Every structure is written in structure tokens, then in C-alpha cells.
Amino acid sequence: MLRHLIVVLGDQLDDESAAFDGFDAKQDAILQMEVREEATYIPQHKLRLAFFFSAMRHFRAMQESKHRRVFYSRIDDPANRGSFAGELSRWAGALLPQRLIVLEPGDWRVRQLLVKLNLPIEIREDRHFLCPHATFAAFYGEHRHPVLGTFYRFMRRRLGVLIESDNTPTGGAWNYDPQNRASFGRQGPPPIPSPKRFAPDSTTIEVVHLVERLFPGNPGRLDGFTLPVTRDQALASLADFVTHRLYNFGKYQDAMHTGEPVLFHSHLSGPLNLHLLRPREVVEAATANPSGAPLNSVEGLVRQIIGWREFVRGVYWHFMPDYADANALGAELPVPRFYWTGETDMLCLAEAIRHTIDHAYAHHIERLMVLGLFCLLLGVRPYDVHRWHISMFWDAIDWVSLPNALGMSQHADGGIMGTKPYVASGNYINRMSDYCRRCRYNPRNATGHDACPFTTLYWDFLARHEPRFAKNRRMTYPYQHLARKKPGEIAAIRRRADRLKERLTAEAFL
Ligand code: DLZ
Ligand code: SF4
């Protein structure tokens, strides 16, 4: 007789989650399901698929080592019905549990399908996150301008992180962004300790073969799989980051460099988003600060974890399902074809896409200010930018990718994630990286044979969206600059931008 069947989805790999409250190994069991639908509803990078399946199988092994019963659907089992709905019905029919218990999924689509199933399912709130839904809703309701900065201060005080006894921020400021914008300059980066790598064990090797066999045409390669797939490995990655890279993380947060996909970033979003790591642990490790990192580094990381990450999740659940359809700027072009191949003569994009194809990862500033920026300037359908994120990044889950890609990066939510669009010309990329030095384009030029497409499209974007943004106080400077351009110059820029869009659209697929 089975009392509770605890359903653990691929991004819920924490056996101290609320789903396990009251777990009794004598009466209860665990269900995990590998299903084709989750791997195919959007085609995904091989590294991402192997990461999920390997982490899920390791979680199973860990539970079994604790003498817990685990029912597990392998994706290649002929009996597997291929979807959550199919597998839940199959297992529920076979095991007849009194109740199924599941944490709320990280994807609105999955939540809907659970709710619609005619099964006795209890959905529990996920306390992995530091801001419960009700707290976020209250924050949102109480503030006239519920923006990220305000939310971050609210969370710092609420959690007492980097807060002094008189309720003021440690160091006197809420953030140290002016110290976090260094580039590497001509001399290049200082030595960069690479993230900890883990040799694949027999479970991972089996998964790698499985993914190669079932998804041979998907993006990416699996010969160098070294990602953390267990909780112990995730904790080791965290310790490694705070000891070796946190020190320089703040200063070089916005910098980019050829051949360096990770730089001083934490590379912890994957294990965090699968719940192999808890955000509290990351904050505690960063504030314990074993390397004596400067405050701008520690605060920068804390902001990402308790500010940005929680805000993104709050926005997702607050505004779904309508959020997914948002397209405030009316962007309708497809994602350019080279986003899947890296075959472009724009070196910044070639480099960021190469990082993505090789590692299923690009760091935050490449995502926002190269990959995302180009789509925004070009006018790509925001939901397609989100789909590309889910396709290509090992760490993307719907709740994080939608507000990040569609909101923050594409400004499609009209200002919920950010009060102005993150737009810049090629000059920004030139300042923050070494990419432009070898590129055939010139970031300073918007027209002419060597005009940088970013720069052309930047001015075109400002001109196209003048009615919407010209009065935005945070956009005053770019619009003053645009006003100084002669009408003929603007017309030439817009003609060139139109040609670019035609060419890139003709080449696109999807
Ligand atoms: C991304 C993913 C993939 C590729 N495969 C599975 C799977 O086989 N089983 C599973 O439980 N979850 C998988 N996921 C994650 C889901 O797409 C989705 O993000 C989560 O279920 C949301 O909580
Ligand atoms: Fe990118 Fe333009 Fe710089 Fe080339 S010149 S690397 S396209 S920003």
C-alpha cells in the first residue's frame, strides 16, 4: 500500500524540498520521469540534455542509497509514454498511491498540465526560492514603481544580508556598480582560474551515449562533458568559485574576452536551477568570503542571487501566462540562422555563439549585450529569443528564461524587468572586449563599407522607437545624440538597416 508518491521533476533535485516534508520511507516512494516531450518541445543542446538526465539519475542513486524506493522512467524504456501526463497516469494506475505530491514546477506549461490531470495531486510551494509568491505579490502591490532596484533593497533588509545593525547597507551603498565595469584593456585579463571540472562517471557516460543515440542532430557536442551533476559536485563548484574567482568577479563583471566563456563568473546557474544548490548556501559562501574579496564582488553576487534571480521568478509567476505573448516593441523577425552555427563575420557574435555551442553557456554580459542586444536591435520575435535560450543554455528554465530573454533583454514586457531597453552600439562592445580589434567591421561607423551592424541597427532602433523612448529620462543622452544627426545621415542608416534585416531574414530558419 503506497501512501504518497513524491514526484521529483528534473529541476527539483533537492531532497530537503517541501515535497519531502513528512516523507516516510516505509509508506512513501519517489517518482522521477525522463520524458521525450521535455527534450523535444523545444529542441535542446546535447550538453543540456545530458546535464538534466545525468543529474536526475544521480539523484535517484542518492535516494536509493538512503533506502528510499524510487520509481524511475527511463527515456529509452519502450513502456515510457513520452510525456509527464502519460507517465503520471501510467505510474498512478500501477501503484495506486493515495496521493501524489509535487513541488510547483518551474514552468507554467507543466503546472497547467498537472492541474488538469484527473489525479489526486498536491502541489506544494517551492521554498528553494527566498521570496514566496505572497511576499512578492505584496511587494508588487505596495510599491508604485516595483522595479528591480527597489525589490533588491527590500530583499536585503528582509533577509538581513549585508545589512548593518542600524538597517543600512554594509559599506554605505546598496550597490557598487561604478566599480564593476572594468574591461581588460590592451594587456588582457589576469590569470583566470577555470571552473571546477568533473570527470564523467559511468552514469554520465551512459547518459552521454543515450543523448548521442536519441538526439544526434541536436546542437552541441558531448565529448568534454565535465559539468557538476551531484549535490557534492555542486557544493565543490561553489567552494571553488568563492575561493578562486569571486575576488575578481565584481570588477570584471561586464568584461568579455576572446576564448574565455566563463571569466570570473560563478558558473553556478546550472546547479542552482536544478536545485543541486540552494540560493542561501551561495549567499552564505559569498558573504563568508574565504578569499577576502572586495565588497563590490560580494555585493555583486548577492544582488544576482537575492535580487535579480528572485525578481525574475516573481515576475514570471505574477504575469504568466500573458507574459509569454508580450511583444511591446512589435518585433516580428526570426532569429538569424547563424545563431545555431556561429557562422557570421561579426566577431563578437561568432565568439558568443561559439561559447554557447561548445559549452551550452555564455556569461551574463555576452547574453545581454551581444546575443540579446543584436536580436533586440534587429527586431526579433521575443518569444523566439526565449526559445533559443531554452535550446542552447544548460541553465535555462522557463521561469528564468522568459523574464530574462523576453523581458530584460528584448524589452518586450514594456518595462517590467527594466525601465529602459538595454541598447548600445558597437562602441560598447569595443570598450568591453577585444572582439572589435580583429573584426572586419568598425564599431564607430553606422554607414559605409565597414559599418558595424550593431552601430547601424542601434541608431535605426532609436529612430524607429523615438515616440516610445524619447521622453524616457534614462534615454535622454542617446536621443540628444540622435538629434544631432543630419536627416540624410539617418535616412542612410535606416536604408542600411533595412538591407541588413532583409539579408538576415532571408537566411533565417525557424
Ligand atoms: C529540461 C528537461 C528535460 C530535457 N528533460 C526532463 C525530463 O525528462 N524530466 C523532467 O522531469 N524534467 C525535464 N526537464 C525539465 C522540464 O522541462 C521542466 O523545466 C521542469 O519540469 C519544470 O519544473
Ligand atoms: Fe561586433 Fe561590431 Fe565589434 Fe565587429 S565591430 S566585433 S560586429 S561590435
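**Crossing helices and two ligands**

Modeller: In this predicted model, helices α2 and α7 are oblique to each other.

Colleague: Why are α2 and α7 called oblique?

Modeller: Their axes cross at roughly 140°, and angles over 145 degrees count as roughly antiparallel, under 35 as roughly parallel and 65 to 115 as roughly perpendicular, so this angle belongs to the rest, which is called oblique. The helices concerned are α2, residues 46–65, and α7, residues 202–214, whose axes come within 9 Å, and their crossing is right-handed.

Colleague: What makes this a contact, and which residues of α2 and α7 form it?

Modeller: Contact requires heavy atoms within 4.5 Å, and on the α2 side K46, L49, A50, F53, S54, R57 and H58 take part, while α7 contributes T203, T204, E206, V207, L210, V211 and E212. Sorted by class, these residues are 6 nonpolar, 4 polar and 4 charged; K46 and E206 are among them, and they are counted as charged because Lys and Glu belong to that class.

Colleague: How do you know that M33 makes a polar contact with ligand 1?

Modeller: A backbone N or O atom of M33 is 2.7 Å from a nitrogen atom of the ligand, and a pair of N or O atoms counts when it lies within 3.5 Å, so this pair qualifies. By that cut-off two further pairs qualify: an N or O atom in the side chain of E38 lies 2.5 Å from an oxygen atom of ligand 1, and a polar backbone atom of G106 lies 2.9 Å from an oxygen atom of the ligand. M33, E38 and G106 are, with G10 and D11, the closest of the 18 residues that surround ligand 1.

Colleague: What makes up the shell around ligand 2, by class?

Modeller: The shell has 9 nonpolar residues, 1 polar residue and no charged ones. Its members are M346, C348, G426, I429, Y435, C436, C439, Y441, P443 and C452, and G426 is the polar one because Gly is placed among the polar residues. Helices α17 (426–432) and α18 (435–438) each supply at least two residues of this shell.

Colleague: Which residues hold α13 and α14 in contact, and how do their axes cross?

Modeller: The axes of α13 (residues 347–359) and α14 (residues 364–378) come within 10 Å and cross at roughly 115°, in a left-handed crossing. From α13 the contact involves C348, L349, A352, I353, H355 and T356, and from α14 E366, V370, L371 and F374; by class these are 7 nonpolar, 2 polar and 1 charged.

Terms used: Residues are numbered from 1 along each chain as its sequence is written. Chains are lettered from A and ligands numbered from 1 in the order in which they are written. This is a predicted model: local features need pLDDT of at least 70, side-chain atom pairs count only at pLDDT 80 or more; totals for chains, interfaces and linings use all residues. Side-chain values use heavy atoms; hydrogens and water are left out. Axes are lines fitted to C-alpha atoms, for helices over the stretch in contact, and angles run from 0 to 180 degrees between N-to-C directions. Helices (H or I, at least four residues) and strands (E, at least two) are DSSP runs, numbered from the N terminus. A crossing is left-handed if the near helix is turned anticlockwise from the far one by less than a right angle, and right-handed if clockwise. A residue is near a molecule or strand if one of its heavy atoms lies within 4 Å of it. A polar contact is a pair of N or O atoms within 3.5 Å; within protein, one must be able to donate a hydrogen and the other to accept it, and residues adjacent in sequence count only if both atoms are side-chain atoms.
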